[in-house]
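Trainee: I would like a close look at one helix in this model. Please take me through its geometry, its contacts and its surroundings.

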Amino acid sequence: SHIAQKFSSYEKITNVLGDFLTDAVSIKGNDGSAMSLLKELSDMSITIMGVAANGDEISAVVPMLGFVREAVDIYGHLADSDVADKASGVTSTTPTASEARQIVEQLLSLGFGALQFSINKANNAGREQGRGQEPTESGPEQQTRVQNRSPDALSGMFSLLTICVERCAILLIQLPSNPGNDRE
């Protein structure tokens, strides 16, 4: 987590950390440690998404979307069954399903939020400097850079949405539009 806080503003390090997190999320222990590992990896991913979203590079969010996609692929069915159980009034028999739902829900909300923030920030970069001054860099060159960075990020988002539809469609439909708000 220390590495994520200090170095995730560097795109190459974020890419490697994304690969590490994506590979590590598939590790399952027989002693019930899978949820603990998922929580630790998710916390690191959340830290990286926060740093990446505040940076200037949209592409820094993409590796974290890959991690979220893998986490949804592995744990999405548990999260979805917890949502379905709650909707039908059935008390979940395993705390693992509830914990998986909370983690997956948080990862999805923060992943989409970080991507949206990064794209908006990139689209607005260079449009206005302080006190309404003309931007130092604008025009076709600035727009081309934003357009070149966005497809990878959008591709990552659509890949994530695809796996959500396959593994946790009920959860996806019931995600709040604003993280932290209730579904009702």
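What follows is a walk along helix α4 and its surroundings.

Mentor: Start with a caution: this is a predicted model. The mean pLDDT over the chain is 79, and 72% of the residues score at least 70. Confidence varies by element. Helix α7 (residues 169–174) has the highest mean, 94, and helix α1 (residues 2–7) the lowest, 71.

Now the helix itself. α4 covers residues 62–87. That is 26 residues, and a straight helix of that length would span 38 Å at 1.5 Å a residue. In the model, the end C-alpha atoms of α4 span only 32 Å. Where does α4 kink? The kink is centred on Y75 and amounts to about 65 degrees. Past the end of α4 comes G89. Its phi is positive, near 85 degrees.

Next, the core. The largest nonpolar core holds 40 residues. Which element gives the most to this core? It is α4, with 10 residues. Other elements that give two or more are α2, α3 (34–54), α5 and α6 (140–167). The residues with the most contacts inside the core include V68, V72 and Y75. Y75 therefore has two roles here: it is the centre of the kink, and it is among the best-connected residues of the core by the buried, side-chain-joined criterion. V25, L108, L115 and L160 complete that list.

Take V68 more closely. Beyond its neighbours within four places in sequence, V68 contacts M49, L107, L108 and L160. Two of these partners, L108 and L160, are also on the list of residues with the most contacts inside the core.

Then look at the contacts with α2 (residues 11–24), where T22 is found. Leaving aside neighbours within four places in sequence, T22 touches P63, G66, F67 and E70. There is a polar link as well. The T22 side chain reaches the backbone nitrogen of F67 at 3.4 Å.

Finish with a residue in α5 (residues 95–124), namely I119. Is I119 buried or exposed? I119 is buried, because its relative accessible area is 14% and the cut-off is under 20%. Not counting residues up to four places away, I119 touches I58 and L154. L154 lies 35 residues from I119 in sequence, yet their C-alpha atoms are 9.2 Å apart.

To recap α4: a kink centred on Y75, a span of 32 Å and 10 residues given to the largest nonpolar core.

Conventions: Residues numbered from 1 in each chain as written. Predicted model: local features only at pLDDT ≥ 70, side-chain atom pairs only at ≥ 80, totals over all residues. Heavy atoms only, no water. Helix = DSSP H or I, 4+ residues; strand = E, 2+ residues; numbered from the N terminus. Expected span 1.5 Å × (residues − 1). Bend = angle between axes of the 7 residues up to and from the residue. pLDDT = per-residue confidence, 0-100. Buried < 20%, exposed > 50% of the residue type's maximum accessible area, 1.4 Å probe, protein only. Contact = heavy atoms within 4.5 Å. Polar contact = N/O pair within 3.5 Å; in protein donor to acceptor, adjacent residues only side chain to side chain. Core = buried A, V, L, I, M, F, W, Y, C linked by side-chain atoms within 4.5 Å.
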